[in-house]
Amino acid sequence: MLLDKEWTLEELGEVSSKYNQLYAFAYSLLPNLSASHRLHVITAYANLPWQGGYSTVNFFHHVFRLIPSGDQPQVTQITYASPGFIELAALIPACWAVSRIVTALANAIGQQTIPTITSVKACENANSVNCELTLRR
């Protein structure tokens, strides 16, 4: 995630939390999940209603915990400069979905004050596949 302007630790924490929630949602909708994982996801959707507040937070937290640790976003590098960036190792289809969700929301409400993921680039190296996100605030 490219970081423009100045960011507080609280803002970075909030962006990380929201990113994990959206990533978990996107991951839960991937078509190639194992049968057992799909069953756990369906159970979460059926048993954790979206009634606002903590029920929604609990849903995202539960769905995120269902993601195998190797598929969860991992920070691979952080640089704070002008601009800085956060590089994540994550599944590209889930990253793309998060990018589309955030960009569509920002465009729909017409606000440029929320962090907007403006691009996603896949970076492949010998050890992992990384998602490079451009984040504008």
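Let me start at Gln72, which lies in the loop between α3 and β2, the strand spanning 74-79. What I am showing is a predicted model, and everything I say about Gln72 and the other residues should be heard with that in mind. Is Gln72 buried or exposed? With a relative accessible area of 18%, Gln72 is buried, since the cut-off for that class is under 20%. If we set aside residues up to four places away in sequence, Gln72 touches Tyr23, Phe64, Ile67 and Ala89.

Let me step back to the whole chain before returning to single residues. The protein has four helices and five strands, and, read along the sequence, these elements follow the pattern β-α-α-α-β-β-α-β-β. Of the 137 residues in the protein, 36% are buried, and the protein exposes about 8,100 Å², of which carbon and sulfur atoms supply 59%. If we consider contacts between residues at least 6 apart in sequence, 55% of them join residues at least 24 apart.

Now to the helices, and to the two packing arrangements that involve α1. Helix α1 covers residues 9-28 and helix α2 covers residues 35-47, and their axes come within 10 Å of each other, crossing at roughly 120°. With angles of 65 to 115 degrees counted as roughly perpendicular and those over 145 as roughly antiparallel, α1 and α2 are therefore oblique to each other. Which residues make the contact? On the α1 side they are Phe25, Tyr27 and Ser28, and on the α2 side they are His37, Arg38, Val41 and Tyr45. Sorted by class, this contact of α1 with α2 has four nonpolar residues, two polar ones and one charged one.

The second arrangement pairs α1 with helix α3, residues 54-65, where the axes are 9 Å apart and the helices pack at an angle of about 60°. That angle makes α1 oblique to α3 as well, and α1 passes α3 in a left-handed crossing. Here Asn20, Gln21, Ala24, Phe25 and Ser28 in α1 meet Phe60, Val63 and Phe64 in α3. By class, the contact of α1 with α3 has five nonpolar and three polar residues, and no charged ones. I would point out that Phe25 and Ser28 are named in the contact with α2 and again in the contact with α3, and that Phe64, which meets α1 here, is also one of the residues that Gln72 touches.

Let me turn to a few further positions, beginning with His40 in helix α2. His40 is partly exposed, with a relative accessible area of 46%. Where does His40 stand with respect to Val63? The two are 23 residues apart in sequence, and their C-alpha atoms are 8.6 Å apart in space; Val63, you may recall, is among the α3 residues that α1 meets.

Next is Trp96, which is found in helix α4, residues 92-109. At 38% relative accessibility, Trp96 counts as partly exposed. The C-alpha atoms of Trp96 and Tyr23 are separated by 9.5 Å, although these residues are 73 apart along the chain, and Tyr23 is a residue we have already encountered as a contact of Gln72.

Finally, consider Thr79, which is found in strand β2. Thr79 counts as partly exposed, at 29% relative accessibility. What does Thr79 contact, leaving aside its neighbours within four places in sequence? The partners are Gly84 and Phe85.

To close where I began, Gln72 is a buried residue in the loop between α3 and β2, with Tyr23, Phe64, Ile67 and Ala89 as its contacts beyond four places in sequence.

Methods
Residues numbered from 1 in each chain as written. Predicted model: local features only at pLDDT ≥ 70, side-chain atom pairs only at ≥ 80, totals over all residues. Heavy atoms only, no water. Axes fitted to C-alpha atoms, helices over the stretch in contact; angles between N-to-C directions. Parallel < 35°, antiparallel > 145°, perpendicular 65-115°, else oblique. Contact = heavy atoms within 4.5 Å. Nonpolar A, V, L, I, M, F, W, Y, C, P; charged D, E, K, R; others polar. Buried < 20%, exposed > 50% of the residue type's maximum accessible area, 1.4 Å probe, protein only. Areas by Shrake-Rupley, 256 points an atom, 1.4 Å probe, with all protein chains shown as cover. Left-handed = near helix turned anticlockwise from the far one by under 90°.
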